[in-house]
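Work through the exercises below with the sequence and the model side by side. Try each task before reading its solution.

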Amino acid sequence: MRDSYWDNWKGIAIIAVVAIHASGGTAMFQEGSFNWLFGLTLRQFIDFAVPLFLAMSGYFSVNGSNGNVLSYYKGRFIRIIIPYLIWTAAYILIKTPTEAPSLGELASGIIFGTGIGIGYFVIVLSQLVILTPLYSKIQKPSHHIIIMAIASAIGTIFVYYFSVFNPHHLLSKFPAYALPFFAWYPFYHAGYFLARYKENLKIDSTFRKIAIFGFTVSLAFSLIEGSFWAYNENYSFGVSQLKLTSLSASLFLFFIAVSFKDKNTFLNRYTPISWLGANSYAIYLMHMLFLIAIQKLLKQSDNIYSFQPIYILLSAATAILTCAVVVFASQKTMPKSFSRNVLGN
């Protein structure tokens, strides 16, 4: 049975994902202009998207990872990989409709996530799924914390070295720097940790207040750090989900989500957003197909494109609505076993 609370958070996260991709054009405007600044500011508020998805994936991995390892891998990878392969093939075929892709192109598109452009998330999640049974072998909470701290430090050094100090290196280009699992630490592991030890942890009002304070401070610093890099000719890192202040804000946001789980809030109710959350993986895999076409159409209007808040809102909302219609129609017309493989739900 689905949990409306977490589905609502997934819905919020998938909306943020589409908004991130819809806002990519703001970097093309003149430095310091309204649209340039709007994109820079907006990104600090929505950069939690992928980290939050990873944290929630870790949170729900606890029970399934305690049994037979092969059964766990089979269940997880069937749901993750089969839809990914189907949509990767669809993207590649649409890009080259009159010419069959080579095996090398298919392999590269799958392994590096470039087939759908944003497949890095699937590659990262797959690495973390492989690691999950190892987490169950670690008994002491302190050992989990040490591992998270070390892996997070390695990831931060890796990201900053290639994205900031060696920007011309191959690993500084997207998606290379986003592919290693340690670049996204500690979200998945933190989700696993909180779910496994929640009975021993004091997730109370004090925890909630600390999480809210940490999120607020981290968000403020992400605005400062983002502006620093953007005004120093590194706009892409200024809006990155992987800069340290954004990682910190995303982690605290997840703590906030965990702290409100047992509270009676609107997030505990079934809403259109929770429907989006329940179908978020399918929306993630397909939305770029529609978003690119929608934005190409909207760019025909100078009035819309020159005011990025409206342009981003219209393109993101239209892409999400289109995805929702496709998912809903697929669920109603396809056999359930087939739609599960296509949509991943």
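The exercises cover the nonpolar cores, a helix pair, salt bridges and two single residues.

This is a predicted model, in which local features need pLDDT of at least 70, side-chain atom pairs count only at pLDDT 80 or more, and totals for chains, interfaces and linings use all residues. Residues are numbered from 1 along each chain as its sequence is written, and side-chain values use heavy atoms, with hydrogens and water left out.

**Exercise 1. The cores**

Task: Find the largest nonpolar core and the residues with the most contacts inside it.

Solution:
- Start with the term. A nonpolar core is a set of buried Ala, Val, Leu, Ile, Met, Phe, Trp, Tyr and Cys residues joined through side-chain atoms within 4.5 Å. Buried means under 20% relative accessible area, exposed over 50%, and partly exposed in between (1.4 Å probe, protein chains only).
- The largest core has 94 residues. W6, W9, L54, Y120, F121, W184 and F254 have the most contacts inside it.
- Helix 1 (residues 4–22) supplies the largest share of this core, 11 residues. Helices here are DSSP runs (H or I, at least four residues), numbered from the N terminus.
- Another core lies apart from it, with six residues, including F29, L40, A230 and V239.
- Now take L54. Leaving out residues up to four places away in sequence, L54 touches F121, V124, L125, L128, W184, F187 and Y188. Contact means heavy atoms within 4.5 Å.

**Exercise 2. A helix pair**

Task: Decide whether helix 4 and helix 6 are roughly parallel or roughly antiparallel.

Solution:
- Get the geometry. Helix 4 (residues 69–95) and helix 6 (residues 120–135) pack at about 175°, with axes 10 Å apart. Axes are lines fitted to C-alpha atoms, for helices over the stretch in contact, and angles run from 0 to 180 degrees between N-to-C directions.
- Apply the cut-offs. Under 35 degrees is roughly parallel, over 145 roughly antiparallel, 65 to 115 roughly perpendicular, and the rest oblique. Helix 4 is therefore roughly antiparallel to helix 6.
- List the contact. Helix 4 contributes V69, Y72, Y73, R76, F77, I80, I81 and Y84. Helix 6 contributes V122, I123, L125, S126, V129, I130, T132 and P133.

**Exercise 3. Salt bridges**

Task: How many salt bridges does the structure hold? Trace what they join.

Solution:
- Set the criterion: a side-chain nitrogen of Lys or Arg within 4 Å of a carboxyl oxygen of Asp or Glu. The structure holds four.
- R2 pairs with D7 (2.7 Å, N to O). R2 is partly exposed, at 46% relative accessibility. D7 is buried, at 5%.
- K261 pairs with D3 (3.3 Å, N to O). K261 lies in the loop between helix 11 (244–259) and helix 12 (272–278) and D3 in the segment before helix 1, so the pair ties together parts 258 residues apart in sequence.
- K243 pairs with D47 (3.8 Å, N to O). K243 is in the loop between helix 10 (235–238) and helix 11, and D47 is in the loop between helix 2 (34–46) and helix 3 (49–59), so parts 196 residues apart in sequence are tied together.
- Both K243 and D47 are buried. Salt bridges with shared partners join R43, D47 and K243 into one network.

**Exercise 4. Two single residues**

Task: Place Q308 and I212, and classify Q308 and I212 by accessibility.

Solution:
- Q308 lies in helix 15 (residues 308–333). Q308 is buried, with a relative accessible area of 0%.
- Q308 touches G25, T26, F29, N35 and F38, not counting residues up to four places away in sequence.
- I212 sits in helix 9 (residues 205–230). I212 is partly exposed, at 36% relative accessibility.

Key: Helix = DSSP H or I, 4+ residues; strand = E, 2+ residues; numbered from the N terminus.
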